[in-house]
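Me: Please take a close look at one part of this model and describe how it is built up. Begin with a strand pairing and then move outward to the surroundings.

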Amino acid sequence: MKSYDDLRLDSLRRIQNLCDIYAIALALILEYPPLRALLDAIVTKIEIAKSINLQNITNFTTKKEVTCITMVETVYKFMLRGALKAAELNLPDLEKSLTIAKSLIMRYSDSGIATKCEEFKNILKTNIAILVNILPADITLMEDAIKAYKLALDAPKEAIDKRKNFGTAAISRLLNQADPTKTNIGRVFHSYFDPDVAAAFDVAAHIGKPSNRRKTSIAIRFVDADSGIPVIKVKTKVIKDTITFEKLSSKTGWIHYYSLEVGTWSATYENNMYLGGTIINIPVDLKKVARYTIKLQKKVPVDGGGTTPVVTGYANVYGKMYNSVTLDGIGTGLVFFQNVADPEETEDDGTYGNDHTPANCKHISGTAPGFQDFHKDISLEPDSDNEIDLPMDPIDDGPTPPDA
């Protein structure tokens, strides 16, 4: 529940309390009873929506992980049995279709893991007459494990949608519905009671401002001194005595620090492609924001070319990291660019992108657990779009031992 919505609800509760104090006099006023009934009904609905909004849904992640492991372990056990029987019957194609490392199954996306387990279960079910060591009860056990995982997979989204639709969104909608009733009760107080009682209503109805709102204390923007374009990933530390906060500049070059302790601060900034520096005597108070624009100078060679050359522009580099054998995308892999401090992490489907790659970047590399490192020399032009895919070769761990 938003802090401002909390204040609006508190205002409605104070009005209810004030109405209770003057209940006898209000009961004699013809217009009042339906207004009070409507106010009480709306506040009750808001309380219900608030309880939905406060529901803890973090346990769904744990449940999903547990059911995933149970599903994979269950299916994999029967895959081994099926592959064993297929080898015994000299059915190499069937044996191969049931042979895959468990770790490779777990590398798929959440829905992809369920799909693969479903495929293996169907292979076993289709060939159950041949694989006599697979029983109908085993197929049922796998189907139940897959179904449980799919339900756990859907549960977080359903819970989030429920909390949003019947919690957060409902609270704002109900508070808006309460506004006319609140206004009309105010008219009752102002038209039937003495000014001091009417003033008491105004005090009760006053909402005020959230006390925990963040206020920007320091705002720093980093730009390239030559081109004026924003510089991303400038590491900045602001310091006051023993207090330190660290951030990286955004794609627009900005860093914002909020609600800092009043006093004099200093800041240091650094980036592997630019000369670093320090800002001293930064005044932080409650009345204004300390704003700075820092024009960064590129690092230049000082030893005949032994250091990083001057950047002559930027290019857009994007692509996909994928398994060179299965062609499936690889999530949470890392893509490294020459002359860029931090790597890009691939999305669940293996895609990545960096629209601020130095044009003098001549090499790209990639890493991912279970795969050999990828390296490639590249050539970039300033302001160009470059699609560079990273095919990753799986590391051969040898034959997978059967589960105990």
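Reply: Thr236 has Tyr269 in S5 as its bridge partner. The model is predicted, so that local features are given only at pLDDT of at least 70 and side-chain atom pairs only at 80 or more, whereas totals for chains, interfaces and linings use all residues. Numbering starts from 1 along each chain as its sequence is written, and side-chain values rest on heavy atoms, without hydrogens and water.

The pairing of S2 with S5 (residues 263-271) is antiparallel and comprises 5 bridges; strands count as paired from at least two DSSP bridges. Strands are DSSP runs of E with at least two residues, and helices are runs of H or I with at least four, numbered from the N terminus. Strand S2 itself covers residues 235-240, and its side chains alternate between two faces. On one face lie Thr236, Val238 and Lys240, which are buried, a term that denotes under 20% relative accessible area with a 1.4 Å probe and protein chains only. Lys235, Lys237 and Ile239 point to the other face and are not buried. Thr236, the partner of Tyr269, thus belongs to the buried set.

Strand S2 also pairs with strand S3 (residues 243-248), again in the antiparallel sense, over 6 bridges. Within that pairing, Ile239 faces Thr244 of S3; Ile239 is among the side chains of S2 that are not buried. The two strands, S2 and S3, make a hairpin that leaves 2 residues between them. In its turn, Asp241 adopts a positive phi of about 55 degrees.

A further sheet may be described alongside. It is open, has 3 strands in the order S4-S1-S7, and shows mixed pairing. Its edges are formed by strand S4 (254-258) and strand S7 (290-296), each of which pairs on one side only. Strand S1 (residues 216-224) is joined to S4 by 5 bridges in the antiparallel sense, and Thr216 stands opposite Tyr258 of S4.

The interior can be taken next. The structure contains 2 cavities of 30 Å³ or more. A cavity is a set of points on a 1 Å grid over the protein atoms alone where a 1.4 Å probe fits but cannot get out, and lining residues have an atom within 4 Å of a point. The largest cavity encloses about 140 Å³. Its lining numbers 15 residues, of which Ile232, Asn271, Met273, Val340 and His356 are the closest to the centre. Strand S11 (residues 351-358) contributes the most to this lining, namely 3 residues. By class, the lining of the largest cavity has 8 nonpolar, 5 polar and 2 charged residues.

The second largest cavity has a volume of about 40 Å³. Around it stand Arg8, Leu12, Leu175, Ala178, Asp179, Lys182 and Ile207. Two or more residues of this lining come from each of helix H1 (3-21) and helix H8 (136-192), and H8 gives the most, with 4 residues. The lining of the second largest cavity holds 4 nonpolar and 3 charged residues, but no polar one.

Two cysteines complete the account of buried positions described here. Cys19 counts as buried because its relative accessibility is 0%. Cys361 is likewise buried, with a relative accessible area of 0%.

Conventions:
On a 1 Å grid over the protein atoms alone, a cavity is a set of points where a 1.4 Å probe fits but cannot get out, and a pocket is an open set with protein on both sides within 12 Å along at least five of seven lines; lining residues have an atom within 4 Å of a point. Grid points are joined across faces, edges and corners, and a volume is the space filled by probe spheres set on the points. Ala, Val, Leu, Ile, Met, Phe, Trp, Tyr, Cys and Pro count as nonpolar, Asp, Glu, Lys and Arg as charged, and the others, Gly among them, as polar. Buried means under 20% relative accessible area, exposed over 50%, partly exposed in between (1.4 Å probe, protein chains only).
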